[in-house]
Amino acid sequence: MAAPSIAMDSNHQHNYKLNKTEKKFLRKQIKAKHTLLRHEGIETVSYATQNLVVANGGLGNGVSRKQLLPVLEKCGLVDALLMPPNKPYSFARYKNTEESKRAYVTLNGKEIVDDLGQKIILYLNFVEKAQWKELGSQALPPGLMVIEEIISSEDEKMLLESVDWTEGTDNQNFQKSLKHRRVKHFGYEFHYESNNVDKDEPLPGGLPDICNSILEKWVKEGYIKHKPDQLTINQYEPGHGIPAHIDTHSAFEDEIVSLSLGSEIVMDFKHPDGVTVPVMLPRRSLLVMTGESRYLWTHGITPRKFDTVQASEDHKSGIITSDVGDLTLSKRGVRTSFTFRKVRQTPCNCSYPLVCDSQRKETPPSFPENDKEASQLEQEHVHQVYEEIARHFSSTRHSPWPRVVEFLKALPSGSTVADIGCGNGKYLGINKELYMIGCDRSQNLVDICREKHFQAFVCDALAVPVRSGSCDACISIAVIHHFATAFLQ
Ligand SMILES: C[S@@+](CC[C@H](N)C(=O)[O-])C[C@H]1O[C@@H](n2cnc3c(N)ncnc32)[C@H](O)[C@@H]1O
Ligand SMILES: [Zn+2]
C-alpha cells in the first residue's frame with residue numbers, strides 16, 4: 001500500500017491534511033529515520049537525492065536481493081543496490097532524482113513478502129550517498145584458517161552415514177539431544193555443566209576408525225599439528241544455532257578444528273572489543289582455530305534459517321563483508337560438524353589471562369563499600385555467572401512454580417504480559433492466550449528463549465525499556481534478590 005501524501009520535507013507536514021493511515025506511515029517513517037541515525041549512524045536528508053536507504057528491506061530481516069530489486073526497479077533504473085550483511089536495511093541508487101523521488105513516494109509503506117512468507121513494510125528516506133562501511137576489521141581473526149574441499153564428496157557421504165543418531169545404540173549415554181541441536185561425543189565426553197571434560201575418564205572406543213585415518217592424513221599434510229583425541233559431532237537443522245563461546249582453555253589444547261558437512265553455514269567470530277567477523281564455512285571445509293582466534297575470540301552460530309553470503313559463485317568462503325554490493329541470502333540446510341580437539345593435560349598458559357580459566361586469580365568477594373562496588377559484584381557474581389551457565393541452567397529449569405502458572409492462567413486472554421528476568425523462558429509459553437514478552441540480562445538465556453520462538457530481549461530489570469502502562473500484567477520470578485543496588489549504575 002502506498003502513502004502518496006507523505007511529504008518530501010517533514011517540516012512541511014502541516015500543509016497536508018493527513019488521514020489516520022497516512023499519519024501512521026509518517027510516524028513509522030520518521031521512526032525508521034531516527035533508528036537509522038541512532039543505531040547505525042546513517043544520516044538521512046530531507047531533500048531529494050538519487051540515493052535512498054530502505055528500512056526493513058535488508059538481508060538482516062529476511063529480504064533478498066532477488067525480492068527487493070524488482071520492487072525498486074518498478075520506479076526506475078537502479079544503479080546500485082547495496083545490502084550490508086545482517087542489517088535490516090539496504091541502500092539503492094537510482095539513475096536520477098526523478099526516479100528516486102518516484103520510489104520515495106510510491107514505495108514508502110509498501111508491503112512485501114520476505115523469504116519466509118512474512119509481510120514486511122518498507123520505509124524509505126533519502127541519503128547523500130548509497131554507501132555503507134563496515135566498522136572494524138575486515139580480516140579473518142588472527143590464527144583462523146578455512147581450508148576448502150578438505151575431503152571428497154565420497155568421504156563426506158561416508159562420514160555422514162557413519163553417524164548413528166538412532167537412540168538405544170551403544171553410544172546412547174554420550175548422545176544428548178540438546179533442544180537446539182543433536183550432539184554426540186567420542187574420546188571424552190564434554191560436560192556442558194562445567195564446559196569441561198573428565199580427563200580421567202576417557203570413553204571406551206576412542207575416536208571412530210574412519211576419523212583416525214583422516215586425521216593422520218591432515219597431520220601428515222600439515223593442516224593440523226597434533227592429532228586430536230576428542231570428537232564432538234553436532235547436527236544443526238536450519239534455524240538451530242550455538243551461543244557464542246570460547247572453548248574452555250583448561251580443557252583443550254590450542255588447536256581446535258571443525259569439519260563442516262552436509263551444508264554450509266556462517267559462523268560469527270567476535271573480539272571482546274565488539275568487532276564481529278562473519279565467516280563462511282562451506283560444505284566439506286575445515287575450520288582451524290589457533291592462537292588468538294581460539295583463545296580470545298568467541299565463536300557461535302546465530303539461530304536462523306538464512307545466511308548472508310556472497311552472491312557470485314567465485315566467492316565461496318572467507319569473510320562475508322568484502323563486497324557489500326554482492327550479497328544475498330542462502331537458505332540453510334542440515335549441517336553436521338565434526339569438531340576435533342585435543343584434551344589438555346596441563347594448565348593453560350596462553351597470553352590471554354583475562355579469559356583464561358587456568359590463570360584466573362580467585363579473590364574472595366569483600367562486602368561492597370558503595371554502589372559502584374556493589375554493581376561490580378553483581379556483574380561478576382550474577383550476570384557473568386548466568387551468562388556462563390546459561391545452557392546448563394536452562395536444562396535444569398523445567399518445572400514452573402504452580403502459583404505462577406495459576407496467576408498466568410487466570411489472566412484474561414489477549415493480555416499483554418512482561419516477564420522481567422525471564423531466564424530460559426519457562427513461563428513465556430504457559431498460557432498461549434497471552435502476548436508474553438520476556439527480558440533478561442543474560443544474552444545467552446535470551447538466545448535460548450528465541451530458539452524456542454519466544455519474544456525476548458536483553459535488558460536490565462532496573463531499566464526496562466517498556467512504556468509504562470503498556471502491559472496488563474507483569475511477573476518477575478526469582479530475580480529481585482539478585483539486585484545489588486536500587487538503581488542501575
Ligand atoms: C533464578 S533465575 C530465574 C529465571 C526465571 N524467572 C525463572 O523463574 O525460571 C534469575 C534470572 O534473573 C536474571 N537477572 C538477574 N539480575 C538481573 C537484572 N539486573 N536484570 C535482568 N535480569 C536479571 C538472570 O539472568 C536469571 O535469568
Ligand atoms: Zn588460556
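# Notebook: sheets, cores and single residues

**Entry 1. The parallel sheet.** I began with strand β24 (residues 416-420) and strand β25 (residues 435-440), which run parallel and are joined by five bridges. The model is a predicted one. For the register I looked up two pairs: Val417 stands opposite Met436 in β25, and Ile420 has Cys439 in β25 as its bridge partner.

From β25 I went on to β26. These two strands also run parallel, and four bridges join them. Here I noted that Cys439 stands opposite Phe457 in β26. Cys439 thus appears in two entries of my list, once with Ile420 and once with Phe457.

I then wrote down the whole sheet. It is open, has four strands in the order β26-β25-β24-β27, and its pairing is parallel. β26 (455-458) and β27 (473-475) are the edge strands; each has a single partner strand, so one side of each is left without a neighbour in the sheet. The average turn between neighbouring strands of this sheet is 20°, direction ignored.

Next I checked what packs on this sheet. Helix α8 (residues 402-410) touches β24, β25 and β27, and its direction makes about 165° with that of β27. Helix α9 (residues 443-451) touches β25 and β26, and its direction makes about 165° with that of β26.

**Entry 2. Gly414.** I looked up Gly414 and found it in the loop between α8 and β24. Is Gly414 buried or exposed? Neither label applies: Gly414 has 37% relative accessibility and counts as partly exposed, because that class lies between the 20% limit for buried and the 50% limit for exposed. Leaving aside neighbours within four places in sequence, I listed Glu433, Tyr435 and Asp472 as the contacts of Gly414. For Gly414 and Tyr435 I also took the separation, which is 21 residues in sequence and 6.3 Å in space, C-alpha to C-alpha.

**Entry 3. The antiparallel sheet.** I turned to a sheet of five strands, open, with antiparallel pairing and the order β1-β7-β2-β4-β3. β1 (44-45) and β3 are its edge strands, and each pairs on one side only. β3 and β4 are antiparallel and share four bridges. Within that pair I noted Ala80 opposite Arg93 in β4.

Two helices were checked against these strands. α2 lies across β2, β3 and β4 and runs at about 145° to β3. α3 packs on the sheet with contacts to β2, β4 and β7, and its direction makes about 150° with that of β7.

**Entry 4. Nonpolar cores.** Nonpolar side chains tend to be buried together in soluble globular proteins. I looked for such groups here. The largest nonpolar core has 25 residues, and Leu68, Leu72, Tyr94, Leu107 and Leu122 have the most contacts inside it. I listed the elements that each supply at least two residues of this core: β2 (51-55), α2 (65-73), β3 (78-82), β4 (89-94), α3 (97-107), β7 (123-127) and β22 (327-331). Where does this core lie with respect to domain 1 (10-127) and domain 2 (144-355)? Both domains give residues to this core, so it lies between them.

I took Leu122 for a closer look. Not counting residues up to four places away in sequence, the residues that Leu122 touches include Val54, Ala55, Leu68, Val71, Leu107 and Ile112. Asn56, Gly57, Asn108, Gly109 and Lys110 are also among the residues touched by Leu122.

A second, separate core has 23 residues, including Ile151, Leu231, Val257 and Leu286.

**Entry 5. His185.** His185 sits in strand β10 (residues 181-186). I found a relative accessible area of 1% for His185, which is therefore buried, as the limit is under 20%. Which side chain joins that of His185 in a polar contact of 3.1 Å? The partner is Thr232.

**Entry 6. Thr298.** Thr298 belongs to strand β19 (residues 298-301). Setting aside neighbours within four places in sequence, I recorded contacts of Thr298 with Ala244, His245, Ile246, Asp268, Phe269 and Lys270. Thr298 and His245 are 53 residues apart in sequence, and their C-alpha atoms are 4.8 Å apart in space.

**Entry 7. The chain as a whole.** I closed with the totals. The protein chain has nine helices and 27 strands. It has 489 residues, of which 47% are buried. Of the contacts between residues at least 6 apart in sequence, 68% join residues at least 24 apart.

Technical notes
Residues are numbered from 1 along each chain as its sequence is written. Chains are lettered from A and ligands numbered from 1 in the order in which they are written. This is a predicted model: local features need pLDDT of at least 70, side-chain atom pairs count only at pLDDT 80 or more; totals for chains, interfaces and linings use all residues. Side-chain values use heavy atoms; hydrogens and water are left out. Two strands pair if DSSP finds at least two bridges between them. Axes are lines fitted to C-alpha atoms, for helices over the stretch in contact, and angles run from 0 to 180 degrees between N-to-C directions. Contact means heavy atoms within 4.5 Å. A nonpolar core is a set of buried Ala, Val, Leu, Ile, Met, Phe, Trp, Tyr and Cys residues joined through side-chain atoms within 4.5 Å. Buried means under 20% relative accessible area, exposed over 50%, partly exposed in between (1.4 Å probe, protein chains only). Domain bounds come from an automatic or database domain assignment. A polar contact is a pair of N or O atoms within 3.5 Å; within protein, one must be able to donate a hydrogen and the other to accept it, and residues adjacent in sequence count only if both atoms are side-chain atoms.
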